[in-house]
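The following paragraphs lead through a protein model, from one loop to the ligand site and then to individual residues. Please keep the sequence and the structure in view while reading.

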Amino acid sequence: MTRTDLSNVQVAKDYTGLCGLVADRIAALVQTKPNAVLGLATGSTPLGVYSALVRRHREEGLDFSRVTCFNLDEYYPMSPKSLHSYRQFMAMNLFDYINCPNWFVPDGLRRSASEIEQDCLEYEARIADAGGIDLQLLGIGRTGHVGFNEPGSSPDSRTRLVTLAEVTRQDAAPSFGGIDNVPRQAVSMGIGTIMDAREIVMMATGAGKAAIVRAAWTEDPTDHIPATWVRRHPNVHLRLDEGAASLLLEASLTN
Ligand code: GLP
């Protein structure tokens, strides 16, 4: 049997170390390419990366003035003013504190299917006009979703309206004050959009992600676990803390 390829995996001792690794990579990119295009993610996982970048902006003058950022997804329907929106999440955790004027989040406002479709095409075109994404940051959901590409998402999917899995809605329920308040849909970049990035950094923290991380990095690529497609990217890096890495390391020793 072949051993699991872990050459693109790095494990930090804890969450702080993990976020330091990822923030260092983003900072190095922004320093060497001041007009870099970043693809950014929401969820609790990247929060420490964003605070590290804010600190580096304040203390070291890390300059985002020519950087362009595109977020992966937004709930639908969702007002951009809602505190539950990913737009507000990104403002409150990053963009209110750094000097990056060009940042975009898919629009979650309620509108017709054809308007959504048109806006999704424009989101893709805007990414292309910016020169394509240099580095895409990803978390991973318990279903193996990336962005909101739930099981069933094909590797050539593009930005579109998607339906959220029940597990994903349950995971979001506490922050919405109950599952009934969690939207059933979202607008998300597709797997194809993500795979077009020149570099992908996927991160995961804690033992709760250990099983899906192992599946993502050991199972054959399948629509059932969208993150398995990401592993096929020629320049992908998986960054974990010890909790999230525990089952993957075990798997690599036993096969
Ligand atoms: C949401 C986001 C994903 C994120 C996932 C995991 O579903 N759309 O981009 O990766 O949550 O969230 P967390 O980092 O809180 O575990």
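Proline 77 belongs to the loop that connects β4 (73-76) with α3; helices (H or I, at least four residues) and strands (E, at least two) are DSSP runs, numbered from the N terminus. The bond between tyrosine 76 and proline 77 is a cis peptide bond, with omega at about -10 degrees.

The model is predicted, so that local features need pLDDT of at least 70 and side-chain atom pairs count only at pLDDT 80 or more, whereas totals for chains, interfaces and linings use all residues. Residues are numbered from 1 along each chain as its sequence is written, and side-chain values use heavy atoms, with hydrogens and water left out.

The ligand occupies the largest pocket. On a 1 Å grid over the protein atoms alone, a pocket is an open set of points where a 1.4 Å probe fits, with protein on both sides within 12 Å along at least five of seven lines; a molecule sits in it if more than half of its atoms lie within 2 Å of its grid points. The residues around the ligand (a heavy atom within 4 Å) include Asp73, Tyr86, His145 and Phe148. By class, this shell holds 3 nonpolar, 7 polar and 2 charged residues; Ala, Val, Leu, Ile, Met, Phe, Trp, Tyr, Cys and Pro count as nonpolar, Asp, Glu, Lys and Arg as charged, and the others, Gly among them, as polar.

Which atoms of the protein approach the ligand at threonine 45, glycine 147 and lysine 209? An N or O atom in the side chain of threonine 45 is 2.5 Å from a ligand oxygen, and a polar side-chain atom of lysine 209 is also 2.5 Å from an oxygen atom of the ligand. Glycine 147 contributes a polar backbone atom, 3.2 Å from a ligand nitrogen. Of the 390 Å² that the ligand exposes when taken alone, the protein buries 85% (Shrake-Rupley method, 1.4 Å probe).

Threonine 143 lies in the loop between β6 (135-138) and β7 (160-163). Its side chain makes a polar contact of 3.1 Å with the side chain of histidine 145, that is, a pair of N or O atoms within 3.5 Å, one able to donate a hydrogen and the other to accept it. Threonine 143 has a relative accessible area of 15% and is therefore buried, the limit being under 20% (1.4 Å probe, protein chains only).

Alanine 91, in helix α3 (residues 86-95), is buried because its relative accessibility is 9%.

Notes:
On a 1 Å grid over the protein atoms alone, a cavity is a set of points where a 1.4 Å probe fits but cannot get out, and a pocket is an open set with protein on both sides within 12 Å along at least five of seven lines; lining residues have an atom within 4 Å of a point. Buried means under 20% relative accessible area, exposed over 50%, partly exposed in between (1.4 Å probe, protein chains only).
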